[in-house]
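Biologist: I'd like to learn how to read a structure like this one. Could you walk me through it?

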Amino acid sequence: MTTTDTASTPGDVSAREDKARRVLILANPTSGGYRPEALEEIRSILEANGVRVTLHLTTRAGEIGEIAASPNLMASVLAVAGGDGSVNEAVTGFQSNPNPPDLAVIPCGTANVLAHELGLPQKPAEIARAILNGKRAPLHAGLANGRPFVLMASMGFDAEVVHGVPLSLKRRLGKLAYVITALRLGFVRKSSDLQVEFDGRREQGKLVVATNGRCYGGPFTVHPDASVTRPGLYLLLLKRDDPLSTIRFGVALLMGRVYKAAGVVVCPFKRATVTSLRPVAAQVDGDPFGTTPIDLCASEANLSIIVP
Ligand SMILES: Nc1ncnc2c1ncn2[C@@H]1O[C@H](COP(=O)(O)OP(=O)(O)OP(=O)(O)O)[C@@H](O)[C@H]1O
């Protein structure tokens with residue numbers, strides 16, 4: 001396993017070595033596919049290989065971010081067992097951490113877009129092996145009003161669905177809960193225009209996605225050139241969101257062609273501002289994130305993530 005060194009003085013050597021063999025697992029027991037047996041298996045494999053493991057189960061939202069922000073984490077790897085929202089919390093916490101450890105992801109959660117994006121293993125033995133191997137990639141993020149997003153930030157219909165999906169339905173039905181909520185909202189909602197100013201351009205549309213990654217909603221490609229391990233954000237602006245157009249975009253997404261669909265503006269961008277006459281719902285990484293106006297740009301944070 002590789003190490004992330006802290007500020008070094010000669011007297012710190014044993015503390016550094018100690019930290020290098022430690023993994024802190026932060027697990028969200030409320031996430032969609034929470035697997036306690038898998039965590040125990042990962043823990044025992046790591047421990048059998050000389051790694052000291054601390055397993056902490058969260059009791060509330062916000063806890064992962066608070067722990068990740070601590071400058072005194074005695075771990076070279078912080079492994080998040082949860083979905084994209086839990087990973088987002090860790091990355092948000094890392095923003096305030098002058099010396100963040102490597103991030104590892106033990107995929108649980110409802111959609112797990114990041115797991116698809118990075119091709120992360122699902123089997124406990126393979127997850128443990130990846131942590132032990134310590135192969136790392138840079139992890140880039142975007143910022144929405146200063147809040148990091150690893151995968152995407154969006155405003156419009158899909159964010160309304162994220163705001164509107166009842167937690168109990170999500171827990172019972174998983175991804176199907178989003179489809180049901182989308183159908184319920186699709187025919188009754190009043191859509192609003194969004195104005196986007198980006199890199200000297202101005203466009204108007206109904207749904208804005210700022211994507212940092214290739215995947216969206218699971219394994220579906222939203223932009224083939226985007227990657228969380230490379231710098232750069234892409235903007236997708238959907239011109240219409242009437243039910244028929246939304247179904248067309250949905251089908252294009254399932255076919256991995258949404259970025260080529262008619263009525264979609266697609267381009268890389270550095271800085272964007274999304275405004276509207278009345279507030280429009282926003283989401284980051286699948287969790288509700290208030291409403292417009294939203295400023296978007298890339299984060300400068302220097303993070304790394306364990307990859308297979
Ligand atoms: N113990 C907890 N109780 C309630 N909420 C929690 C707890 N721990 C973390 N959370 C919050 O739950 C939110 C959603 O969790 P998470 O993303 O892990 O699962 P999910 O919603 O099932 O998956 P996905 O985001 O991939 O759809 C996170 O944003 C996090 O803030």
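Modeller: Happily; we will take a helix pair, then the ligand shell, then one residue. This is a predicted model, where local features need pLDDT of at least 70, side-chain atom pairs count only at pLDDT 80 or more, and totals for chains, interfaces and linings use all residues. Residues are numbered from 1 along each chain as its sequence is written.

Biologist: How are helix 2 and helix 6 oriented to each other?

Modeller: Two packed helices are described by the angle between their axes and the distance between the axes. Here the axes of helix 2 (residues 36-48) and helix 6 (residues 124-133) come within 9 Å and cross at roughly 40 degrees. The pair is therefore oblique, a term for angles outside the classes under 35 (roughly parallel), over 145 (roughly antiparallel) and 65 to 115 degrees (roughly perpendicular). On the helix 2 side, the contact (C-beta atoms within 7 Å) includes Ala-38, Ile-42 and Ile-45, and on the helix 6 side it includes Ala-125, Ile-127 and Ile-131. By class, this contact has 10 nonpolar, no polar and one charged residues.

Biologist: Which residues are closest to the ligand?

Modeller: Of the 22 residues surrounding the ligand, the closest are Gly-32, Gly-82, Gly-83, Gly-85 and Gly-109. Helix 4 (residues 84-94) supplies the largest share of this shell, four residues.

Biologist: And is Leu-238 buried or exposed?

Modeller: Leu-238, in strand 14 (residues 233-238), is buried because it has 24 C-beta neighbours inside 10 Å; the cut-off for buried is 20 or more. Beyond its neighbours within four places in sequence, Leu-238 has contacts including Leu-207, Phe-249 and Val-264.

Key: Axes are lines fitted to C-alpha atoms, for helices over the stretch in contact, and angles run from 0 to 180 degrees between N-to-C directions. Helices (H or I, at least four residues) and strands (E, at least two) are DSSP runs, numbered from the N terminus. Two residues are in contact if their C-beta atoms, placed from the backbone, lie within 7 Å. Ala, Val, Leu, Ile, Met, Phe, Trp, Tyr, Cys and Pro count as nonpolar, Asp, Glu, Lys and Arg as charged, and the others, Gly among them, as polar. A residue is near a molecule or strand if its C-beta atom, placed from the backbone, lies within 6 Å of it. A residue is buried if 20 or more other C-beta atoms lie within 10 Å of its own, exposed if 12 or fewer, and partly exposed in between; C-beta atoms are placed from the backbone.
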